[in-house]
Amino acid sequence: MIGTTRWGRAVRNLSAATALAVISGAAFAQETLKVAITDEPPHLDTQMTTATLTTIVNLNMMETLYAFNEAGEAVPFLVASDELSEDGLTAVLTLRDDVKFHNGDTMSAQDVVDSLDRWGAHGGRGKLLYDMIESVEATGDAEVTITFKGVFGPWKNLLAFVNGGPAIYPSEIIKDRGPEPLAPEENIGTGPFKFGEWRPNRYIELTKFEEYAPHDGPADGYAGGHEALVDKLQFIAVPDVGTRVSGVQAGDYDYAERITGDLYAELNDDPSVETIRHGAPTMPLLFFNSAGGIFKENFALRRAIMAALTPSEAMAIAAGPEDLWDAQGAFYPKGNRWYTEGGLDSFPQQGDPDKARQMAEEAGYKGEPIRFMLTTSYPIMYDTGNVLVQQMKDAGFNIDLQIYDWPTLVNRRAETDLWDIFETTHGAVPDPSLFTFLNDNYPGWWTSPEKKELEAKFVGTTDADERMALWTDLQALAYEQVPVFKPGDVYLYDIHGPNLEGLPEQLLIWPAFYGVAKN
Amino acid sequence: MGTFILKRLLSAIPTLLIASLLVFSFIHLIPGDPASVMLGDMADTAEIEALRVQMGLDRPIWEQYLTWLGKALQGDLGESIYFQEPVTRVIAEGAETSILLALFTMVLIVLIGIPAGILSAAFHGGKTDQVVSGTAMLFASIPTFWLGLYLIFTVAVGFGWLPTSGFPSVLESGDLSNLKYLILPAITLSAPNSALVVRLVRAGMLDTMRDDYVRTARAKGLLEHKVILRHVFRNALIGVVATLGFTFVGLVSEAVVTETVFALPGIGRLVVQSILRRDYPVIQGIILVVVVFYILVNLIVDIVTTHLDPRVKMA
């Protein structure tokens, strides 16, 4: 009836126009996934920093030759197949031939060689691998040959670890570049998203890379076939945790990282957000100075300090609910393929001040000041550090607590004569050889002959069982010589709105936003 | 008037030079450098040193200062180490947010603080005065981070009336509705500042009320509201104008806490972040701009004051 009157026609036209507008609006709507991060990353050149914030952004646009799957194994990613010679000294990698860079060029063997060379020459993690490498050469359009100086077990793990890792860039960008980080727009990779723009203090925007050539396998952790399911990704620095939470609750952000433990129970009951726990822990680490000061060659005094500590008290204060921490001393959590109980008998469950005092006396300690450097920049370090320092004081250690902002602490720890203990945190690493305390050049400088001998054996074999047995011995040695003390594991958690689909139950290490859709 | 302004501007040059020299030396005295911040935890000393050389940080401080000064005189404040963009652009990004937020807040401060102050003074000692002064004390005592989070929690999350945080550019999009992002931050910032203005207006007016000419005005039979507004308030305003000027500069450059709570890309947060990152060119650039801004606002305050009080001569 309506259609026959003038009003009816008007209504009909209006609804047709509205319908058209809705349809065209939907067709042109750009879906943007907004991620609230704690701060801006220092830069986006993942080869040159291990900063987590760089990794979180970069994971979506840069790719590596190998990638870690759900089980934590390094599997071929930009590489199609590989072959290791019987003597373990030559690896021939065949690259996938369909991989496109964001600038439209196809990835070649030369791009890979130049990317690896720059990382090996200047990247902190790259040097670990390149110290063991004779040469990396393009031996075909899609073939790269790596020649090792000796058998080197962790090579694939190092090539797969994106944090401070060998992202592959086009030759014209990466060839002969020094340590200076690339400009944001130079981050041209092969990932499902490409760099859009970085507005200082506002956001970093990545856009969907339409010509992305996914790996042909199923998505599996950071490996397998990826797909961008939104048009844009925005990473927005929201420093205040309360604001990050409110922003997700109100729908202003879709995802927010690093929420504090005190909100965990409340947010688990809140229908407007979902919590997502990190599967891999972050661990606070107290580094002892092995190159200078009171602890130099005095392993007994370090063990005395350890005997004074009750790690669970520090962990509970720093991380909150018991779901989010575990006061355990193994360098990998239970369930991880690298978990071992080597040396754990010495891990203090309950501190014993009297025993610690006696051990210190036997180690020749006469109340000299012990310089402990701590930072206010990161709450986990500050909170655990303060509790542990008090426990040390209770056992009679004369702790000179020095508090700095992070850049100052980093500056001071590089000098062997300025400190005795400093605290930092360490992220999850897929291979023990990546632990900073095993790195001879890292402040702490653990270079005892026993460590060097075990470490050489450990990296010098590719046999999985042998590597595990040697890692067990290394962990046991770390409890005897105490280059670091680890009070436990902290599990961070993030939150997201209920409209996000495709996120795993638990993050592998960092969130990745390929395969994630907004409804 | 022209000579006065010119003189004032010329006298600003030594101030600027001294300020830039002080800032330059202080920030280079703080330990820690941008190279180690950028290369992260795993970088070895050799790489950090190589980057320092590449960035020119190994040269003597006086040489770095002169290079910077030479460029600054030509309007080139250098490039941000962190963002790898011209400092002027980085500051301009922050300036839009900070200036709009400060203007918005100033409007609220004037609309709330001045009438409340007048009321409080006009009825001093009475119930109105007690209520106004009490409320002012309450708002002056509330920490801004708490008020900010409370407003986010109730108004933005609870009622969903306003966005929780962030601020998309108005200048770029031309979309004035983006100003809604600044409502809660402006309320947060105006609370303690309005309270200050209330106290100032009240105190200034109470001082003036004891003056002879006010008694004369009343004696000749002027209506009370005319006495208050035309004679008392106008004279009390002189001190308030100076305070408002500096409050405005403070709002632009020092609203760190509010900018952090509301994740606003403003100048205050930028300067604190730049200090933590040791982004020397940005710190120097901002300080320079803020000093210039202080000088200009000071000049404007002086001009306004001479209009309000003809006894103050422009010298």
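**Helix packing and domain contacts in chain B**

In this predicted model, helices α13 and α14 of chain B cross with a left-handed sense. The two helices, spanning residues 267-277 and 280-308 respectively, have axes that come within 8 Å and meet at roughly 145 degrees. On the α13(B) side, the contact is built from I267(B), L270(B), V271(B), S274(B) and I275(B), while α14(B) brings V282(B), I283(B) and I286(B) to it. Sorted by class, the residues of this contact come out as seven nonpolar and one polar, with no charged residue in the mix.

Stepping back to the whole chain, chain B splits into two domains, with domain 1 covering 2-73 and domain 2 covering 88-308. Measuring from C-alpha centre to C-alpha centre, domain 1 of chain B and domain 2 of chain B sit 32 Å apart. The two domains do touch: 16 residues of domain 1 of chain B are in contact with twelve residues of domain 2 of chain B.

What supplies the domain 1 side of that contact in chain B? Three helices, α1 (2-29), α2 (34-39) and α4 (61-73), each put in at least two residues. Among these, α1(B) gives the most to the side of domain 1 that touches domain 2, chipping in ten residues. As for chemistry, that side of domain 1 of chain B holds eleven nonpolar residues, plus three polar and two charged ones. Charged residues thus do turn up on the domain 1 side, whereas the contact of α13(B) with α14(B) has none.

Note on methods
Residues are numbered from 1 along each chain as its sequence is written. Chains are lettered from A and ligands numbered from 1 in the order in which they are written. This is a predicted model: local features need pLDDT of at least 70, side-chain atom pairs count only at pLDDT 80 or more; totals for chains, interfaces and linings use all residues. Domain bounds come from an automatic or database domain assignment. Two residues are in contact if their C-beta atoms, placed from the backbone, lie within 7 Å. Helices (H or I, at least four residues) and strands (E, at least two) are DSSP runs, numbered from the N terminus. Ala, Val, Leu, Ile, Met, Phe, Trp, Tyr, Cys and Pro count as nonpolar, Asp, Glu, Lys and Arg as charged, and the others, Gly among them, as polar. Axes are lines fitted to C-alpha atoms, for helices over the stretch in contact, and angles run from 0 to 180 degrees between N-to-C directions. A crossing is left-handed if the near helix is turned anticlockwise from the far one by less than a right angle, and right-handed if clockwise.
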